[in-house]
Amino acid sequence: MSELRSAIEGLRSEVLAELPDAWIEEDFAELQRAAELLEVERLRRLAEIDRRATFQRDGHLSAASWLASTFKVAWGTAREQVRIAKALEDMPETRRALDEGDLSMSAVRVLVAARDADRDAFQGSESALVDAARIHSMQDLQRVAAYWRQAVEREHALDSDDKVRAQRRLHASVTFLGMVRVDGHLDPETGETLLTALSAVLDAESRSRDEDDNRTPAQRRADALGEICRQWLDLADRPSVGGEKPHVTVTMSVDALRGDGGAAELDHVGPVGSETARRLACDASIRRVVMAGPSEPLDVGRQTPVIPSGMRRAVIIRDRHCRFPGCDRPHTWCNPHHIVHWAQGGPTAAQNLLLLCRRHHTMIHERRFRLDLLDGRPVFRRHDGSVLEDRAPP
Ligand SMILES: [Zn+2]
Ligand SMILES: [Zn+2]
């Protein structure tokens, strides 16, 4: 290594301005070649460091993080270098061509990307691809690699629709603050179904879009997925699970129900705000549980719907769609809302019930708008008390 350093010192002491053109060009070519060879040797050691996992000594979780923090290399670059270093271990033809000085590192990057696309296929095609790299410009090599990938993919599509389908998966897990992270791969048919359903919901929504809807497209898709699942749960002929139709379950104290604070919890994601819980309770089946202590149920009552099905039907026939001014989302998107919450003594009677779509129901419960009865007619008000005109009275 010290020889290398003294060779570099020798180069540094040369005064370039005095050298003839041909000499400079020759020097450059040799340095270019030496730099590539040095890079290969650097990567070979990086792969060895990765294999020995010496980076763990300082608590680094990967060779890339060690490289990034020790040598102040950008994260993306560090990851790519480790990836190339490891890939080269497995690419004998490529290494040989590199040693012979027939490949540039740029070409190697293209070959590594091709290998990442399909390792098995790459093994069979490595020498042909390396030959292409020897003769083609970078641009042409990229085209050759793209064609190769297409051909491989076509072959795969023919022999293995099943292999593609086998990769389908869906993960949904509760994360920080009760948020649920969803990620996965859907097979083409299921994916198409999802996209069709999402765009149908988004379409229906955009027809009655309110001006102050400032959700991002991603937020709209998230809401749409919720709507699809809710409507499925609301269907009459759902299969029952454990003797009950599947439903969203919220457990809350009487205090929380009355709006006096207190805890509320959803079955899967844990604690929720009491206003969310009160909104869910607006149109739910309830079951009273009397507790003897913090964890000892004394008496469990029968599950009864807050709004009997006959009354629900009457409200749906009367309102037909969301009653928020200007909104015409159909009743399948709506829940009957208690203008005075039943937990505060509001009667479950047609004149205290109003059909609201999920979004407007949330807005009312979050008190972004106020809803009162005035001579038996619902009146929606903004924060400043001004009345929202109902452009389409039922
Ligand atoms: Zn409500
Ligand atoms: Zn609405």
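Is Arg96 buried, exposed or partly exposed? With a relative accessibility of 45%, Arg96 counts as partly exposed. The scale behind that word runs like this: buried means under 20% relative accessible area, exposed means over 50%, and partly exposed lies in between (1.4 Å probe, protein chains only).

A word on the ground rules before we go on. This is a predicted model, in which local features need pLDDT of at least 70 and side-chain atom pairs count only at pLDDT 80 or more, while totals for chains, interfaces and linings use all residues. Residues are numbered from 1 along each chain as its sequence is written, chains are lettered from A and ligands numbered from 1 in the order in which they are written, and side-chain values use heavy atoms, with hydrogens and water left out.

## Salt bridges along the helices

Arg96 has a charged partner: Glu93 forms a salt bridge with Arg96, and their closest N and O atoms are 3.5 Å apart. The term stands for a side-chain nitrogen of Lys or Arg within 4 Å of a carboxyl oxygen of Asp or Glu. By this rule, the count comes to 30 salt bridges. Glu93 and Arg96 both sit in helix H5 (residues 92-99), three residues apart, about one turn of the helix. Helices are DSSP runs (H or I) of at least four residues, strands are runs (E) of at least two, and both are numbered from the N terminus. Like its partner, Glu93 is partly exposed, with a relative accessible area of 26%. Elsewhere, salt bridges that share partners join Glu48, Arg51, Arg52 and Glu89 into one network.

Two further examples come from helix H2 (residues 21-52). Glu41 and Arg45 are four residues apart there, which means that about one helical turn separates them. Their side chains meet in a salt bridge of 2.9 Å, N to O. Glu41 is partly exposed at 26% relative accessibility, and Arg45 is partly exposed too, at 43%. Arg51 and Glu48, also in H2, are three residues apart, about one turn of the helix, and the closest N and O atoms of their salt bridge are 2.7 Å apart. Here Arg51 is exposed, with a relative accessible area of 51%, whereas Glu48 is partly exposed at 28%.

## Two zinc sites

The model also holds zinc ions, ligand 1 and ligand 2. Donors are N, O and S atoms within 2.8 Å of the metal (3.2 Å for Na, K and Ca); water is not among the atoms, so sites may look incomplete. The table sets out both sites.

| Zinc ion | Protein donors | Distance | Angles |
|---|---|---|---|
| Ligand 1 | Cys282 (SG), His337 (ND1), His361 (NE2), His365 (NE2) | 1.9 to 2.3 Å | 98 to 122° |
| Ligand 2 | Cys322 (SG), Cys327 (SG), Cys357 (SG), His360 (ND1) | 2.0 to 2.3 Å | 96 to 117° |

Four donors count as tetrahedral if all angles lie between 85 and 135 degrees. The site of ligand 1 is tetrahedral, and so is the site of ligand 2. For reference, the ideal angle for four tetrahedral donors is 109.5 degrees.

Along the chain, the donors of ligand 1 follow the spacing C-x54-H-x23-H-x3-H. Cys282 lies in helix H13 (residues 274-282) and His365 in helix H15 (residues 358-365), so this pair ties together parts that are 83 residues apart in sequence. Both residues are buried, Cys282 at 0% relative accessibility and His365 at 7%.

For ligand 2, the donor spacing is C-x4-C-x29-C-x2-H. Cys322, in the loop between helix H14 (309-319) and strand E10 (334-338), and His360, in helix H15, link distant parts of the chain, 38 residues apart. Cys322 is buried at 0% relative accessibility, His360 is buried at 3%, and Cys357 is buried with a relative accessible area of 1%.

## Cysteines and a hairpin

How many disulfides does the structure hold? The structure holds zero, where a disulfide is a pair of cysteine sulfur atoms within 2.5 Å. Cys334 is in no disulfide, and its nearest cysteine sulfur, that of Cys322, is 5.1 Å away. Cys334 is buried, with a relative accessible area of 7%.

Finally, strand E12 (residues 370-374) and strand E13 (residues 377-381) pair in the antiparallel sense over five bridges. Two strands pair if DSSP finds at least two bridges between them. Arg370 has Arg381 in E13 as its bridge partner. E12 and E13 form a hairpin with two residues between them, and Asp375 in the turn has a positive phi of about 50°.

Key
Four donors count as tetrahedral if all angles lie between 85 and 135 degrees; four count as square planar and six as octahedral if opposite donors are over 155 degrees apart and all others between 65 and 115; anything else is irregular.
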